[in-house]
Every structure is written in C-alpha cells, then in structure tokens.
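Please open the structure in a viewer and keep the sequence panel visible. The tour below proceeds by selection, and each stop states what is to be found there.

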Amino acid sequence: MADGVKVLVVGLGNMGASHASAYHRNPGFEIVGLMSRSIKSKTIPDELSGYPLFEDYEEALAATKPDAVSINTWPNTHAEYAIKAIDAGAHVFMEKPLATNIEDAEAVVKRAREKNRKLMLGYILRVHPSWMKFIELGKTLGKPLVMRLNLNQQSNGPAWGWHKNLIDSLIPIVDCGVHYVDVMCQLTEAKPVRVHGIGAKLWDDAAKQNYGHLHVTFDDGSVGWYEAGWGPMMSEEAFFVKDVVGPRGAVSIVPGHSEGKDQLADISDSADIDRHTKTDAIRYHHAEVGPDKNFVKKDELFSMDDEPGHQELCDREQAFFLKAIKEDLDLSDAMDAAVNSLRIVLAAEQSINEKRAIELA
C-alpha cells in the first residue's frame with residue numbers, strides 16, 4: 001500500500017458514485033476497478049471514466065487484488081460481498097445496513113475480527129457536524145429522553161425506481177432506520193429492551209410494505225419513535241422531524257430548504273439526498289421557568305450554515321476509512337453499534353409481521 005490503498009468500488013448508484021468520487025480525489029486511495037452487474041451499459045461519470053469496469057464480483061476481486069472493497073449495492077448482497085472481500089484479504093467499507101438479517105450481520109463482524117480486517121459501515125450521520133452537535137446537546141437534557149425522528153420520501157422520477165428497488169430488499173424503517181436508532185442509542189447510552197412496529201402497504205408496485213413506524217424503549221426509561229415511508233403517494237408535509245426532549249428541555253434540528261427549487265421537478269424535495277442531512281440550525285429549548293412560570297432563558301439557535309454537503313460528508317467518511325487502515329484504528333465499538341441498530345429495526349419488522357411487541361434479549 002506504499003502508493004495508496006487500492007480500492008475496488010462495487011455499486012455505482014447514488015452512494016456508490018459519491019464514494020467513488022471521494023476515492024478518486026483522495027491521493028491516499030487508488031481506484032483499481034468499478035463493478036456493477038450492468039456497468040458496461042451505463043453512463044460513467046466523467047471523473048471516473050478510464051477505470052477498469054467489471055460486471056462480475058468474483059472476477060473483479062481476482063483481477064484487481066484490492067486492499068479495500070467499497071460495497072454500495074442492494075442490501076441483500078451486502079453480507080455475501082463483505083465476507084468474500086474479507087476472505088480475499090481486503091478491508092471493507094460498506095453502505096448500511098450491515099445485512100438483511102442479524103445472523104449474517106454477526107457473521108460479517110466475526111469474519112472481520114478473525115481476519116483482522118477493517119469493517120466500516122456508512123453511518124454518515126456519525127461524521128456529520130450537525131448531528132454530532134445534536135447528540136452532544138441532547139445528552140445535556142437529563143433522563144429519560146423522548147426521541148422523535150422521521151424521514152419520509154415522495155417517490156417521483158428517478159427516485160421512483162430506486163425506492164422501489166430498495167423495498168425489494170428491505171422495508172424503509174429497516175433500510176434507513178439503522179441511522180436513526182443508532183442516533184437514539186448514542187443519545188441514551190442505554191440498552192434497548194422493547195420494540196414495537198406498525199406498517200402498511202400503500203404502493204402496488206412495491207414488493208413489501210412501503211410505510212412503517214417503530215417504537216423503542218430503553219432500560220433507562222427513554223423512548224423513541226422513527227417513521228419512514230417511500231412512494232409516490234407520500235406527503236411532503238412533516239417529512240423531516242428530528243427532535244429530542246428531556247426533563248431540562250428539547251433539542252431540534254431545523255431542516256434546510258431548497259431555495260428556488262422547482263416544486264414540479266422530477267425529484268421531490270423529500271427525496272433530494274442533500275436534504276436528508278442538510279440543516280439550517282439546531283434549536284435548544286430550555287425548560288426552566290421562574291417564579292412567574294415564564295421561561296428563564298430564551299431558546300438558543302446554533303447556526304449550521306457552513307456545514308458540509310452530501311459529497312463532503314462522503315469525503316469525510318472515506319478519509320476516516322483511510323485513517324483506520326493506515327493507523328490500524330480499532331473499529332470494534334462501531335461494528336457492534338451497527339449490529340445493535342440492525343437488531344432494533346429488524347425487531348420492528350418482526351413486530352409488524354407477528355403483531356406483537358418484541359422483547360430484546
């Protein structure tokens with residue numbers, strides 16, 4: 001790896017293209033191949049043109065002999081691809097979720113530990129300054145906490161196809177939910193003990209339920225809910241709620257807005273990938289009141305105008321992945337957290353299917 005970490009990029013969709021761009025511009029990486037099952041019939045971004053293209057994963061591994069593999073494919077391929085990469089001696093960056101079931105997730109983590117390979121999951125909120133600040137402030141609110149999070153997306157234009165394809169692998173509260181229950185776990189630093197889920201199928205073209213809502217209870221008394229729905233019927237109202245409430249007050253992320261955006265454009269605001277992480281500010285509400293029962297302190301507003309955009313966040317993720325490889329960082333806690341968040345969202349899906357609350361061992 002004297003001349004850079006040789007990386008094979010697998011999957012070139014929304015996230016795969018962003019990660020490939022990060023590797024392309026980071027002198028610590030050397031892209032040795034781009035792979036997807038239909039890549040030779042697709043348009044390759046100009047900055048990525050010229051790299052070797054592969055449509056077979058095993059062939060790509062054998063031909064490129066990478067130091068690292070970046071897996072950005074449909075979730076039902078994640079565990080298989082990760083284990084094959086690790087067995088080939090490569091470190092792995094993988095978009096969430098870790099797997100589509102807990103057994104496969106644990107198997108991937110076990111193999112990474114056995115082979116002493118780095119395994120980093122694409123939990124982009126963990127490198128996001130606004131979300132890091134949100135969690136920092138949320139921890140000052142006392143216990144228990146009430147956490148309210150959602151991300152609904154209206155499927156239109158290109159989003160119609162990739163939402164439908166994602167649902168073929170996982171329902172929305174599982175696919176996106178791992179991000180937000182991971183935030184809940186960081187806020188509470190407590191053990192999840194009970195999960196309840198509800199869901200509905202509103203989209204005839206989708207293979208599974210396209211709307212879901214999960215509730216999780218922690219052993220410190222904290223509770224949280226997460227809501228996610230994808231489809232052409234989803235409302236654009238109240239699709240972005242990021243709120244934590246405690247005895248001492250509340251902390252809320254105020255979403256960014258797409259100025260001058262054509263509301264009739266092919267991709268709705270709620271499906272705009274930049275809006276999934278973009279914030280204008282964080283509002284800190286103080287609950288303390290004086291003798292007259294009026295609030296003692298005004299709400300504080302923390303400006304996040306200069307926060308990084310989506311591509312910059314991907315750049316940060318890959319810079320950390322490089323650092324983890326070069327400096328042999330211990331990623332054990334992050335790997336365990338990825339399994340934990342997946343366990344919670346899969347329990348929500350089990351709850352929907354079995355029509356009962358699920359107690360977590």
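A polar contact is a pair of N or O atoms within 3.5 Å, where, within protein, one must be able to donate a hydrogen and the other to accept it. The model on display is a predicted one.

**First stop: the start of helix H2**

Select Asp56 together with Glu58. Asp56 caps the N-terminal end of H2, with one of its side-chain oxygens 3.3 Å from the backbone nitrogen of Glu58.

Next, select the whole of H2, residues 57-64, in which Tyr57, Ala60, Leu61 and Thr64 are buried. Viewed down the axis of H2, these buried residues fall within an arc of 100°, so they line one face of the helix. Against what do the buried residues of H2 pack? Their partners are strands S1 (5-10), S2 (29-35), S3 (53-54) and S4 (68-71), together with helix H3 (78-87). Beyond the helix comes Lys65, whose phi is positive, near 45°.

**Second stop: Glu58**

Return to Glu58, which lies in H2. Is Glu58 buried or partly exposed? Glu58 has a relative accessible area of 37% and is partly exposed. Leaving aside neighbours within four places in sequence, Glu58 is in contact with Glu80 and Lys84. With Lys84 there is a polar contact from side chain to side chain, at 2.3 Å. Add Ala85 to the selection: Glu58 and Ala85 are 27 residues apart in sequence, and their C-alpha atoms are 9.1 Å apart in space.

**Third stop: the six-stranded sheet**

Now display the strands. Six of them form an open sheet in the order S3-S2-S1-S4-S5-S6, with parallel pairing. S3 and S6 (119-121) stand at the edges, each with a single partner strand, so one side of each has no neighbour in the sheet. Strands of a sheet pair through backbone hydrogen bonds, either parallel or antiparallel.

Select S1, which is mostly covered, five of its six residues being buried. S1 is joined to S2 by six bridges, and the two strands run parallel. Lys6 has Glu30 in S2 as its bridge partner. S1 also pairs with S4 in the parallel sense, over four bridges, and Leu8 stands opposite Val69 in S4.

**Fourth stop: Asn72**

Select Asn72, in the loop between S4 and H3. Asn72 is buried, with a relative accessible area of 10%. Which side chain makes a polar contact with that of Asn72? The partner is Ser70, at 3.1 Å. Leaving aside neighbours within four places in sequence, Asn72 is in contact with several residues, including Val9, Val10, Gly11, His19 and Phe93.

**Fifth stop: aromatic residues**

Phe93 leads to the next selection: Tyr23, Phe29, Phe93 and Phe321 form one aromatic cluster.

How many aromatic pairs does a search of the whole structure find? The search finds eight. One such pair is formed by Trp131 and Phe134, whose rings are edge-to-face, 5.4 Å centre to centre with 70° between the planes. A plane angle over 60 degrees counts as edge-to-face. Trp131 and Phe134 are three residues apart in helix H5 (residues 129-138), and therefore separated by about one helical turn. An α-helix has 3.6 residues a turn, so residues three or four places apart point the same way. Trp131 counts as buried at 0% relative accessibility, and Phe134 is buried as well, with a relative accessible area of 0%.

**Last stop: the hairpin of S12 and S13**

Finally, select strand S12 (residues 240-246) and S13, which run antiparallel and are joined by four bridges. A hairpin connects S12 to S13 through two residues. Asp243 has Ser252 in S13 as its bridge partner.

S13 itself spans residues 249-255; six of its seven residues are buried, so the strand is largely enclosed by the rest of the structure. To end the tour, display the side chains of Phe240 and Lys242: Lys242 lies over the face of Phe240, at 3.8 Å from the ring centre.

Key:
Residues are numbered from 1 along each chain as its sequence is written. This is a predicted model: local features need pLDDT of at least 70, side-chain atom pairs count only at pLDDT 80 or more; totals for chains, interfaces and linings use all residues. Side-chain values use heavy atoms; hydrogens and water are left out. Buried means under 20% relative accessible area, exposed over 50%, partly exposed in between (1.4 Å probe, protein chains only). The arc is that of the directions from the helix axis to the C-beta atoms. Contact means heavy atoms within 4.5 Å. Two strands pair if DSSP finds at least two bridges between them. Rings of Phe, Tyr and Trp (its six-membered ring) pair if their centres lie within 6.5 Å; planes under 30 degrees apart count as stacked, over 60 as edge-to-face and the rest as tilted. A charge sits over a ring if NZ of Lys or CZ of Arg is within 6 Å of the ring centre and within 35 degrees of the ring normal.
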